Every structure is written in structure tokens, then in C-alpha cells.
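The exercises below are meant to be worked through with the sequence and the model side by side. Please try each task before reading its solution.

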Amino acid sequence: MREEDVIEVYRLQAPVWEFKYRDLLGHLKIMHDAVGFKSSLTGKNYTMEWYELFQLGNCTFPHLRPGMDAPFWCNQGAACFYEGIDDAHWKANGTLVLVTTISGTMFNEMAQWVKYDNETGIYYETWTVQASPDKKSTVWFDSYECSKFILRTYQKLADLGAVFKKIQTNYTSIILFSGEPIYLGNETSIFGPQGNKTLAAAIRDFYNPFKPHQSVREFFVDIFKIIDHVIFKHQFYLFYNLEYWFLPMKSPYLKIVYEEVPLPVGSKASFGV
């Protein structure tokens, strides 16, 4: 952007899979976040978002391939920047609201940071894992998804001098509740030639009910298997940063929260926009 440009920054939020299911997941507060920009010099709009490259289900659970022991993960995520803001998509069942105004200089510095962020954080992680529903409880693993990218972007803009409006901003987290996780190893140590075949079979057995493309009968059978693993047997196998962990699950097992995270306050003075 030209340094003298004045750029409006918009908070964008809509239900996950809104294009397919409209506001269905919005009722469960399962939301997708993005950020929009509007150039005052050119009048052009832009959207920036960070999301799973192979859809949410493929990022959250692996594919089990016949004849191959190791689960196959398609869990990469990345930022995408493109021209235009789909107003109807964000307004119909979600949010499109101005949160701050920045200069072209600030935008260009942010753009360089986005490149760096995009190269250093490449794996999508759906789950937050913590010890209990208490807000001060231990967080064993933090999620790494669209809302976390937006929060990092807002913080970067604040550090560059952006002054945000005082509006309430909420974000979705899907939380698993677990005792202290147990490290199991990586793909090679578990599924390799010298791996632990008993553990490998247990991990494959755990992930099998999450497979896609099944009949209605198979779906209900698999739902029971999932409940048996997670609630009755207190088991969950987590794949995080290329490593496997065992989670000794505990009540309430899973919770979807839609909590307020205030817009940030930066460490620099405003650029006078």
C-alpha cells in the first residue's frame, strides 16, 4: 500500500461452513474469523484469513490408509490474502464491523509480519486442552486456528500504533479436559520398523470411528465407539506438532466456549491516522 494511504480495518466473523449450512453452527457459536481492509486511496477492499488448507475435518483427524500403519495427516494451515470482501457472507449471519484505521506504512509492516508468521506456524490445531473448566486452570495445549491468527494480527497492528475501538469481541474455542498429558512419541518411534505395535494399534483404533463418508448405521456405531473411548475409558490421542500424546480425559470432557477477548492496546503511540 502507498505510505500515505488511510486504511480501514474490519472485524469479520461468520459461522463455520456458513456457505453450506447458513447459520446452523452459529447457534453453537462455532465461528470463523477473518480481517478486512479498505483502501481510502483506491476504494478497494481486501480480506485476510488463516484457515486449514484441507478442510476442518481433515485437519482435526487423520486418514487411515489400508496397508499403512501410520495415520496420514492433512493438517496444514496458512494465511490467505485476496481482493474483495464478501459483505453478504459476513453480514448475513455474522459480523462486519470497523475496528480501527491504519496508515499504509503500518499495513506494509504488518504484511511483512504476516509472511513471517505464515512461514513459522504451519500446522492447524483444533483443540485447546486444559486441566479443568476453571479459567485459571493449566492449559496443556493451545489451539492454533483462525481466531488465534486474527488475535496475533490485531496485536501486531496495536504494537505498530493502531488504536482500536472499544467494542466487545468474542471468539470460539473447542476445549478438551484432561489430566496431565503423557508423551507417546512421533510417527517413527510409534509406527516405524522398531515402533510400538501395541500402541500403534491403539492409536489407529481410536481414530477409526472419526473416518468420513459412512452410512447412517456406521455413523451411529462410530458415535458409540467415540463415546466409549472418551467418556467411559477416558482416552484421547492427540497429535500436536508432529508428536502423539495420550490425554487421560475427565469430566466435562469437551466444551465449546464463545468468550470475550478484548481488542489489544499497543506499546507505541498512534501514527496519527
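**Exercise 1. Describe how strand β11 is paired, and give a residue pair for each partner.**

Step 1. In this predicted model, strand β11 covers residues 243-260 and is joined to β8 by eight bridges, the two strands running antiparallel. A residue pair that shows this register is L176, which stands opposite L254 in β11.

Step 2. Strand β9, residues 182-186, is also antiparallel to β11 and is joined to it by four bridges; here G185 has Y244 of β11 as its bridge partner.

Step 3. Six bridges connect β10 with β11, again in the antiparallel sense, and Y240 is bridged to E243 in β11. These two strands form a hairpin with two residues between them, and N241 in the turn has a positive phi of about 50°.

**Exercise 2. Find the backbone features at P252 and Q55 that deserve a check in the model.**

Step 1. As background, most residues other than glycine have a negative phi, and most peptide bonds are trans.

Step 2. The peptide bond leading from S251 to P252 is cis, its omega being near 5°, and P252 is placed in strand β11.

Step 3. Q55, which is not a glycine, has a positive phi near 80°; this residue belongs to the loop between β3 and α2.

**Exercise 3. Work out the strand order of the five-stranded open sheet, and say which helices lie against it.**

Step 1. The order of the five strands is β4-β3-β2-β1-β5, with antiparallel pairing in this open sheet. Since β4 (77-83) and β5 (95-103) stand at the edges and have a single partner strand each, one side of each is left without a neighbour in the sheet. On average, and with direction ignored, neighbouring strands of the sheet are turned by 20° against each other.

Step 2. For a closer look at one pairing, take β2 (residues 31-39) and β3 (residues 45-52), which run antiparallel and are joined by four bridges; within this pairing, G36 has T47 of β3 as its bridge partner.

Step 3. Helix α4, residues 104-120, packs on the sheet and touches β1 (6-15), β2, β3, β4 and β5, while its direction makes about 110° with that of β5. Helix α5, residues 146-160, lies across β1, β2, β3, β4 and β5, and runs at about 35° to β2.

**Exercise 4. Characterise the second largest pocket by its volume and its lining.**

Step 1. The second largest pocket holds about 540 Å³ of space. It is lined by 26 residues, of which V16, W17, H32, Y51 and E52 are the closest to its centre.

Step 2. The elements that each give two or more residues to this lining are β1, α1 (18-21), β2, β3, α3 (87-93), α5 and β8 (170-178).

Step 3. By class, the lining of the second largest pocket divides into 13 nonpolar, seven polar and six charged residues.

**Exercise 5. Determine how many cavities the model contains, and describe the lining of the largest.**

Step 1. Counting cavities of 30 Å³ or more gives one, and the volume of the largest cavity is about 80 Å³.

Step 2. Of the 14 residues that line the largest cavity, T60, W73, E125, W127 and F239 are the closest to its centre. Two elements, α2 (56-60) and β10 (235-240), give two or more residues to the lining, and the largest share, four residues, comes from β10.

Step 3. The classes in the lining of the largest cavity are ten nonpolar, three polar and one charged.

**Exercise 6. Classify the geometry of the aromatic pair F206 and F236, and locate both residues in the chain.**

Step 1. A pair of aromatic rings is described by the distance of the centres and the angle of the planes. The structure holds 24 aromatic pairs.

Step 2. For F206 and F236 the ring centres are 5.0 Å apart and the planes stand at 70°, so the pair is edge-to-face; the cut-off that this step needs is an angle over 60 degrees.

Step 3. F206 lies in helix α7 (residues 197-207) and F236 in strand β10, so that the pair, with its members 30 residues apart, links distant parts of the chain.

How values were computed:
Residues numbered from 1 in each chain as written. Predicted model: local features only at pLDDT ≥ 70, side-chain atom pairs only at ≥ 80, totals over all residues. Heavy atoms only, no water. Pairing = 2+ DSSP bridges. Axes fitted to C-alpha atoms, helices over the stretch in contact; angles between N-to-C directions. Contact = heavy atoms within 4.5 Å. 1 Å grid on protein atoms, 1.4 Å probe; cavity = no way out; pocket = protein on both sides within 12 Å on 5 of 7 lines; lining within 4 Å. Points joined across faces, edges and corners; volume = space filled by probe spheres on them. Nonpolar A, V, L, I, M, F, W, Y, C, P; charged D, E, K, R; others polar. Phe/Tyr/Trp six-rings, centres within 6.5 Å; stacked < 30°, edge-to-face > 60°.
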